[in-house]
Structures are given as structure tokens and as C-alpha cells.
Protein chains: 2
Amino acid sequence: MTAGGHVIALCGGVGGAKLAFGLARLLAPGELTIVVNTGDDFEHLGLSVSPDIDTVLYTLAGLSDRKRGWGLAGETWNFLAALGRLGGETWFALGDHDLATHVERTRRLAAGESLSAVTAAFAQALGLLHPIVPMTDGRLRTIIESEEGDLPFQHYFARARCEPVARGVRFELAEDAVQSAGFRAALERDDLAAVILCPSNPYLSIDPILALPGVRARLEAIEAPIVAVSPIIGGKALKGPAAKLMAELGVTPGVLAVAEHYRGLLAGLVIDRVDRTEAAALRGRGVEPLVARSVMKGDEDRIRLARETLAFAAALAPDPRRRKAS
Amino acid sequence: MTAGGHVIALCGGVGGAKLAFGLARLLAPGELTIVVNTGDDFEHLGLSVSPDIDTVLYTLAGLSDRKRGWGLAGETWNFLAALGRLGGETWFALGDHDLATHVERTRRLAAGESLSAVTAAFAQALGLLHPIVPMTDGRLRTIIESEEGDLPFQHYFARARCEPVARGVRFELAEDAVQSAGFRAALERDDLAAVILCPSNPYLSIDPILALPGVRARLEAIEAPIVAVSPIIGGKALKGPAAKLMAELGVTPGVLAVAEHYRGLLAGLVIDRVDRTEAAALRGRGVEPLVARSVMKGDEDRIRLARETLAFAAALAPDPRRRKAS
């Protein structure tokens with residue numbers, strides 16, 4: 001399959017990574033750039049942890065644990081047990097294999113490598129050929145404004161298990177929070193065929209990417225269609241706090257809310273069959289729907305959904321003759 | 001058993017830790033200070049590793065692997081395997097449990113705690129009551145001057161497996177390489193009953209401690225007897241490169257060489273039965289020998305050797321009446 005140009009996938013963790021896996025199986029390495037959220041990144045025990053990047057790396061390398069839904073298959077937890085014995089902080093689950101990623105990343109960052117360079121090196125070591133780029137080499141941090149006060153993402157997500165009621169989400173941008181070179185280069189390509197917003201949490205995984213200076217304006221300007229795959233199915237998130245968060249923010253969780261959230265960007269939205277009754281309403285809001293089986297259980301589901309999403313985007317692309325004339 | 005005063009044990013890794021274990025079983029926490037070599041400490045993968053401190057902690061806590069002779073019992077190596085997969089450095093064996101010690105130590109040091117404070121916290125977490133103090137909170141690094149150039153200790157010991165031919169050993173002292181507060185306080189006690197040089201490598205484990213400013217002068221000045229337990233048995237080291245190193249430095253490995261090495265300090269030297277023929281020669285050099293079974297295979301051996309060493313030191317103590325008169 002060819003996309004007739006370059007495809008950018010904006011991606012968070014688990015759900016997004018599954019679609020990215022499918023895209024990577026269908027497109028040549030030169031046809032796809034996977035841009036990953038780093039708003040969840042944090043320093044823990046002195047280690048630089050990049051949860052979404054790691055999930056994408058592990059998923060594409062076929063190393064992720066499918067049953068547990070996160071982390072590495074065959075993971076062991078002896079480090080964490082020993083850390084607990086020493087009185088250390090054990091609320092963030094760091095597996096023994098996973099830890100190697102964090103230790104080696106931290107070492108390389110301390111040696112002056114960029115997060116992009118470290119991620120590329122890891123991808124290469126794991127045999128991955130498609131570019132996986134952090135959204136930024138700088139520092140953007142997702143903060144959950146909750147009834148218990150402002151919480152850095154992992155304190156909300158992992159330590160507090162998403163229990164605090166959210167009142168808002170904001171992104172703390174450092175001065176160096178600019179698009180990574182790989183992301184920028186992909187956005188500036190003149191052969192862009194599609195931008196795909198993977199089925200990741202719109203508020204917590206995709207919004208941080210859109211919050212980087214210049215990204216939203218660039219996405220609004222490009223001719224290539226922007227297509228999202230809804231992470232909300234039947235009013236619920238398959239995984240993670242998306243639906244709970246939407247409700248707390250006063251939004252009825254559903255595919256219409258996803259479309260509304262991405263207003264001004266989306267040409268199309270891939271929705272699950274259980275949400276097919278919303279197709280007309282989406283169309284009424286100027287967003288073309290594609291009804292699909294969007295729960296990805298195995299590799300075949302991932303590849304099929306990726307194929308349908310790519311075909312959907314291709315169908316939404318502006319008429320090439322018109323494009324040439326413009 | 002009581003030592004009739006305070007006992008200081010100077011200690012390196014495996015062999016020394018075994019005797020320290022015996023001493024800790026016999027003496028009350030207030031009667032013993034275990035001072036541990038930190039000349040082997042190094043930064044690896046961005047982590048602060050203190051091999052001898054950890055060996056002492058693990059050994060006293062009953063957590064060390066007796067069969068392998070180092071590290072933790074029940075250790076797993078998944079971190080190291082995953083690190084290798086990422087292209088990281090795997091020449092230093094970091095077990096999954098052991099790693100918790102290094103990560104947590106590094107975190108605490110970065111937060112401003114001293115190595116003494118971190119070590120005390122770990123000892124407490126592991127249920128150890130006897131003070132285990134690093135020789136210094138500063139930086140002294142053991143360098144092996146080898147035919148392949150100068151090698152930091154772990155590069156010689158772990159990476160090069162002690163294969164390079166040594167020409168000398170030197171200690172790089174930073175300005176802050178002064179006795180730790182715990183070591184200094186122990187040395188200055190007026191109830192010192194004995195200083196025991198544990199059966200650790202004289203050149204690589206005990207000499208770094210003696211190289212700290214003021215330590216040797218203080219040891220030469222104290223009245224309490226200094227007693228060593230020879231790490232050389234029948235011309236060989238039970239473990240590690242002591243005998244190889246001595247030969248390369250032009251010294252015939254043996255108990256006489258150990259006594260000679262510690263000249264000016266030793267009142268007595270505990271030697272194994274296989275070396276009993278050297279007893280007279282030792283006495284001729286002004287060092288009282290004690291012939292013992294000095295191979296420590298189980299806890300009973302450790303405790304027995306510690307008991308015999310303490311009794312030996314007590315017998316070598318200056319006559320208290322004479323001491324009072326002086």
C-alpha cells in the first residue's frame with residue numbers, strides 16, 4: 001500500500017501506538033513519521049521517563065505486553081521489590097527490562113544527546129525503520145488542574161490512578177518547547193498525504209502536540225486531510241481516563257465531542273460501528289465519518305484499521321488537479 | 001561477648017564483609033564501627049555504584065549470594081539483557097535487585113544527602129543496627145597503573161577482569177577526601193579496644209582507607225592493638241586479584257608480605273593453619289601471629305574467626321595498669 005505521499009501520525013501511548021503499528025506495517029519507512037507526545041514525560045528516581053515514546057517503541061518492536069495492556073511482555077519487577085525494601089518510591093511501576101530504557105536514556109541525555117537522537121538510537125537498536133520522533137526535544141509538561149490541586153501528569157495518572165476530579169488541563173511550556181526537527185521537517189514536506197490523529201486521549205496525548213508553538217497553525221494551513229480515529233467508543237474510552245476526564249470537564253463523552261474538540265482541524269473521523277448513529281450528526285458538522293471496527297485486539301485489527309484510515313484519508317484528499325491549479 | 005571497648009573494622013568487599021558479619025554477630029551495635037572502602041566506587045550508566053558498601057550491607061543483612069560469592073541471592077539479570085538489546089554497556093554486572101540500591105543511592109546523593117547518610121538509611125531499611133560508614137563522603141579513587149595504562153578500579157577489576165599486568169596502585173584524592181564523620185568519631189574514641197583490618201585486599205581495599213589524610217598517623221598513635229586477618233592463605237587469595245597483584249608488584253604473595261605491607265601498624269596477624277610455618281618469622285618481625293582456620297564458608301566460620309580475632313586483639317592490648325600510668 002502507498003499513501004501517495006507522506007503521512008504524519010500524531011500519537012500518544014497505548015491506543016495510538018496500536019494504530020501506529022498498523023501504519024508502520026503498511027507504509028514504507030520514508031512514507032511515515034510517527035510523532036509522539038512527550039507531555040507525560042517526567043523525572044522519576046532521577047531517571048528520564050518518556051512513557052509514550054517507550055510504548056510506541058515497544059509496540060512497534062512487538063515487545064509490548066498485550067494482556068496487561070502496557071509495558072513489556074515477560075516483564076519482571078525485582079527492581080521495584082528491592083526498591084521498596086530500601087524504602088524508595090514504588091508508586092510508578094518500573095519493570096526490570098523497562099528500566100534499561102530509562103537508565104540508558106538518562107545517561108545519553110546527560111551526555112548531551114537530544115531526546116530525538118536517543119529515540120532514534122533506541123528505534124534502530126530495536127530494529128525499527130520508521131522514524132519515531134518526540135514532538136519536541138524541549139520541555140512541555142502536562143498538568144492536570146484537579147480538585148486536589150495541580151498535578152503533574154504521572155502524579156495524576158499513575159500515583160493518584162486518575163481519581164482526582166479534573167477541572168482543566170494545561171501545558172507548561174519551557175522556552176525550548178518547539179517542534180523537534182523531525183516533526184518540523186515532516187510538517188513542512190510538500191508531499192504530505194495525510195495527518196492522522198491516532199486514537200489517543202485528545203486532551204492528554206494529542207493536545208500537548210497541538211500546543212507546541214506553530215503546530216496548530218501549520219495543521220490548519222496544510223492541504224492534506226487531517227483524520228482522527230476516535231479513542232471514544234460508545235461513550236467510553238477503551239483504556240485510560242479520557243471519558244472520565246471529558247465528563248469532569250463538562251463534555252458528554254462521545255464521538256461528537258471528539259469532533260468538536262478537534263474543530264477546525266478535522267476532515268474526517270473514524271468511529272466505531274457502535275457509534276454509527278452519530279455519522280449524520282458528524283457530517284452535519286462538516287466532519288466526514290468513517291464507520292469501522294475500531295477496537296484493535298490483534299495485529300490484524302491494527303493493520304486493517306490503519307488500512308481503512310489511510311484509504312479514508314486518501315478519499316478526503318483535495319482533488320490533485322485542483323491542487324495543482326491553486 | 002564484649003570487646004572491652006570499641007572496635008573498628010576496616011573492610012573491603014567479599015572477604016572483609018564476611019568477617020564484619022561475624023563481628024556484628026558478636027558485638028553490640030555500640031561496640032563496633034565498620035568502615036568501608038570507597039576507592040572502588042564509580043559512576044556507571046549515570047549511577048553511583050559503591051561495590052564494597054553494598055557487599056557489606058548485603059552480607060550483614062544475609063542477602064548476599066553465597067554460591068556466586070558476590071551480589072544478591074536470587075538475583076535476576078533482566079535489566080542487563082534489556083540494556084544490551086538497546087546497545088548499552090553491559091560489562092558491569094548490575095542485577096535487577098542490586099540496581100535498586102544504585103538508583104536510590106544516586107537519587108539521594110543528587111538530593112544532597114551524604115554517602116554516610118545514604119548508607120545509614122539503607123542499613124536501617126535492611127534492619128542492620130551496627131554502624132556501617134563509608135571511609136569518606138568525598139572522592140578517593142583507586143587507579144591501577146597497568147601495562148595498558150592507568151585504569152580506574154572497576155575498569156581493571158570488572159571490565160578487564162584483572163588481566164592487565166599491574167605496575168602500581170595509586171589513589172586519586174579529591175580535596176573533599178577526608179575521613180567521614182563516623183570514621184573520625186570512631187578513631188577519636190578514648191575507649192578503643194581494637195582496630196581490625198579485615199581479610200580484604202591490602203593494596204586495593206585497605207590501602208585506600210589508610211591513604212585518607214590523617215588516618216595512618218592516627219592509627220600509629222592509638223594504643224589499641226591493630227590486628228589484621230590475612231587475606232592470603234597458602235600464597236593465594238581466596239578471591240580476587242590480591243596474589244596476582246602482589247606478584248606483579250614484585251612481592252612474594254604470603255602472610256609475611258601482608259605483615260610487611262602493614263609494617264608499623266600491626267600488633268598481630270591472623271593466619272591460616274596452612275601458613276603456620278611462618279609464625280616464627282612473623283614473631284621475628286615484631287608481629288604476633290594467631291594461627292586459625294581462616295577460610296569462612298558459613299556463618300559459623302565467620303563468627304568463630306571473629307571471636308578468635310577479638311580475643312587475640314584483647315590479649316595484645318596494652319596492660320591497662322600500664323596504660324593508666326602512661
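**Contact between the chains.** I looked first at where the two chains meet, and found that 24 residues from chain A and 24 residues from chain B take part, two residues being in contact if their C-beta atoms, placed from the backbone, lie within 7 Å. On the side of chain A that touches chain B, α3 (78-85), α4 (96-110) and α5 (115-125) each supply at least two residues, and the largest share, 10 residues, comes from α4(A). I take helices (H or I, at least four residues) and strands (E, at least two) as DSSP runs, numbered from the N terminus. Sorted by class, this side has 12 nonpolar, eight polar and four charged residues, where Ala, Val, Leu, Ile, Met, Phe, Trp, Tyr, Cys and Pro count as nonpolar, Asp, Glu, Lys and Arg as charged, and the others, Gly among them, as polar.

**Basis.** I note that this is a predicted model, in which local features need pLDDT of at least 70 and side-chain atom pairs count only at pLDDT 80 or more, while totals for chains, interfaces and linings use all residues. Residues are numbered from 1 along each chain as its sequence is written, and chains are lettered from A in the order in which they are written.

**Symmetry.** I then superposed the copies by least squares on the C-alpha atoms of residues with pLDDT of at least 70 in both; a turn of 180° and a shift of 0.0 Å along the axis lay chain A on chain B with an RMSD of 0.0 Å. That is the relation of a two-fold axis. The C-alpha of chain A nearest the axis belongs to Asp96(A), 3.0 Å from it. Both copies use the same surface, since 100% of the contact residues of chain A recur in chain B.

**A three-stranded sheet.** I followed an open sheet in chain A with the order β7-β6-β8 and antiparallel pairing, where two strands pair if DSSP finds at least two bridges between them. β7 (149-152) and β8 (166-173) of chain A are at the edges with a single partner strand each, so one side of each has no neighbour in the sheet. Between β6 (residues 140-146) of chain A and β7(A) I found four bridges in the antiparallel sense, and Glu145(A) stands opposite Asp150(A) in β7(A).

**Chain A overall.** I recorded 14 helices and 14 strands for chain A, and a C-alpha trace that spans about 65 × 40 × 40 Å along its principal axes. Of its 326 residues, 52% count as buried, that is, with 20 or more other C-beta atoms, placed from the backbone, within 10 Å of their own.

How values were computed
Buried ≥ 20, exposed ≤ 12 C-beta atoms within 10 Å, placed from the backbone.
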